[in-house]
Each structure stands twice: as C-alpha cells, then as structure tokens.
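Work through the exercises below with the sequence and the model side by side. Each task is followed by a stepwise solution.

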Amino acid sequence: MREPQAGFAIISVLVIVTLLGAIAVPLLNTVHKSRESAVSLRVTSHLGHEARENFELGFHMTKLDGGIPSFFKTGISPSVIPIGTACFKRINAVDNEYLGGFDIFDPNIHHSPMTVSNNRSVVTFAYDNGRKTGAVFEELVIVSCAMSETGEIGVYAGKLGVIDGSFYPINYGQF
C-alpha cells in the first residue's frame, strides 16, 4: 500500500513544482519590465532637473548680459537640430501658442553651445519675441532641453519680461 501513496506524493510534488514554474516566468517578465520602467522614469526625472538647472543658468546669464548672452550662437547649428526639434515638438504639443510663432529654424533664434556629458545632451535656446501690441514690456523666451542618447527628453521653458533693462519672469515651467 505504501507504494501507491509514495507515487501519488511524487506526482503531486511534480505538479506543484510545474505550476510554480509556470507562474514564475510571467512574474519574472513583470519584474524585468518594472525595472526597465523605473530606470526610464529615473532618467526622465534627471533630464527634467538638468533642463531646469540650465534654464536657470540661461535666465541668470540673460540678466547679466542685459539680453540674450553674447556667446549664444545666432541661427541653428546642425548639431542641435535633433534636440531642438524634439523640445519644440514637446512644447507645441502641450501649448501650441507658448512659443509665440517661432520655431527651431527661425534665423533669429540663439542657442548655447551643446554640452554632452553622462550620455546626455543639453542646450538652451533663446529668442527675442519683441514687444507685443499694447504690452509694456519686451518678451524673451528661453527654452532649455536635455536629451538622453536613447531619446528621453526633459524640457523647461520660460518667458521673461524686459522693462527698462530689468528682467522679470512672466511664467516658466516644465513641459
């Protein structure tokens, strides 16, 4: 009598091990996808912080130079077209009137030299939007972009009002 019970126990153990193995494979895939998602979220968060820091630097340099910083290049350089295009698409997707009609290929756009470090590219764009009809100030737009080599992007932009040589933030935020 003991032999049938032993056989039944072995078969039960094999069935349980097989079921646990079948359940473990999808769970491992879920854990792997969750880990990839966490890494992507962390990279995007770092890009957002880097874009904000460069925006703040751009704002400060604009105040110090009394306008768009002199070392910013006028026109668009081929090296910044991919990051600029992605950033401007992001801003236009969120608020298509924020940029006031200028785009990456505007001949009057200015940009900082592109910085590449830790697999990230960072560049700041500036544009003098002029004085709007009825406005008491001129408007400068500053857009800072950080992009990873895998295509994730962080965008921070703001508008500055210029009155008698003084600079005032109108609005700014992350896109």
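## Exercise 1: Salt bridges

Two salt bridges are counted, a salt bridge being a side-chain nitrogen of Lys or Arg within 4 Å of a carboxyl oxygen of Asp or Glu. The model is predicted: local features need pLDDT of at least 70, side-chain atom pairs count only at pLDDT 80 or more, and totals for chains, interfaces and linings use all residues. Residues are numbered from 1 along each chain as its sequence is written, and side-chain values use heavy atoms, with hydrogens and water left out.

Task: Locate the salt bridge of Arg-120 and the one of Arg-52, and describe where each lies.

Solution.

1. Arg-120 pairs with Glu-50, with 2.5 Å between the closest N and O atoms.
2. This pair links distant parts of the chain: Glu-50 sits in helix H1 and Arg-120 in strand E4, 70 residues apart. Helices (H or I, at least four residues) and strands (E, at least two) are DSSP runs, numbered from the N terminus.
3. Glu-50 is buried, at a relative accessible area of 16%. Buried means under 20% relative accessible area, exposed over 50%, and partly exposed in between (1.4 Å probe, protein chains only).
4. Arg-52 meets Glu-56 at 2.9 Å, N to O.
5. Arg-52 and Glu-56 are four residues apart in helix H1, so about one helical turn separates them.
6. Arg-52 is partly exposed at 36%. Glu-56 is partly exposed too, at 39%.
7. Side chains of opposite charge can pair when their charged atoms come close.

## Exercise 2: The partners of E4

Task: Which strands pair with E4, and over how many bridges?

Solution.

1. Apply the pairing rule: two strands pair if DSSP finds at least two bridges between them.
2. Strand E2 (residues 110-111) pairs with E4 in the antiparallel sense over two bridges. Here His-110 stands opposite Ala-126.
3. Strand E3 (residues 115-117) runs antiparallel to E4, joined by three bridges. Thr-115 has Val-122 as its bridge partner.
4. Strand E5 (residues 138-148) is antiparallel to E4 over 11 bridges. Arg-120 stands opposite Ser-148 in this pairing.
5. Check the cover: nine of the 12 residues of E4 (residues 120-131) are buried.

## Exercise 3: Hairpin turns

Task: Find the residues with positive phi in the hairpins E3-E4, E4-E5 and E6-E7.

Solution.

1. The E3-E4 hairpin has two residues between its strands, and Asn-118 in the turn has a positive phi of about 50°.
2. Asn-119 lies in the loop between E3 and E4. Its phi is near 60°, positive in a residue other than glycine. Asn-119 is exposed at 52%.
3. The E4-E5 hairpin has six residues between its strands, and Gly-134 shows a positive phi of about 85°.
4. E6 and E7 (residues 166-174) are antiparallel, joined by eight bridges. Val-162 stands opposite Phe-167 in E7.
5. Two residues separate E6 from E7 in their hairpin, where Asp-164 has a positive phi near 50°. Asp-164 is not a glycine. At 81% relative accessibility, Asp-164 is exposed.

## Exercise 4: Nonpolar cores

Task: Describe the largest nonpolar core and name the elements that supply it.

Solution.

1. A nonpolar core is a set of buried Ala, Val, Leu, Ile, Met, Phe, Trp, Tyr and Cys residues joined through side-chain atoms within 4.5 Å.
2. The largest such core holds 21 residues, and Phe-88, Ile-91, Leu-99, Phe-125 and Val-143 have the most contacts inside it.
3. Helix H2 (81-94), E4, E5 and strand E6 (153-163) each supply at least two residues of this core.
4. A second, separate core has 12 residues, among them Ile-142, Tyr-156, Leu-160 and Val-162.
5. Inspect Ile-91. Beyond its neighbours within four places in sequence, Ile-91 is in contact (heavy atoms within 4.5 Å) with residues including Leu-99, Val-143 and Phe-175.

## Exercise 5: A loop residue

Task: Is Phe-137 buried or partly exposed, and which Gly lies 24 residues from Phe-137 along the chain?

Solution.

1. Phe-137 lies in the loop between E4 and E5.
2. Phe-137 is partly exposed, at 25% relative accessibility.
3. The residue sought is Gly-161, with 5.6 Å between the two C-alpha atoms.
4. Contacts of Phe-137 outside its sequence neighbours within four places include Gly-161, Val-162 and Ile-170.
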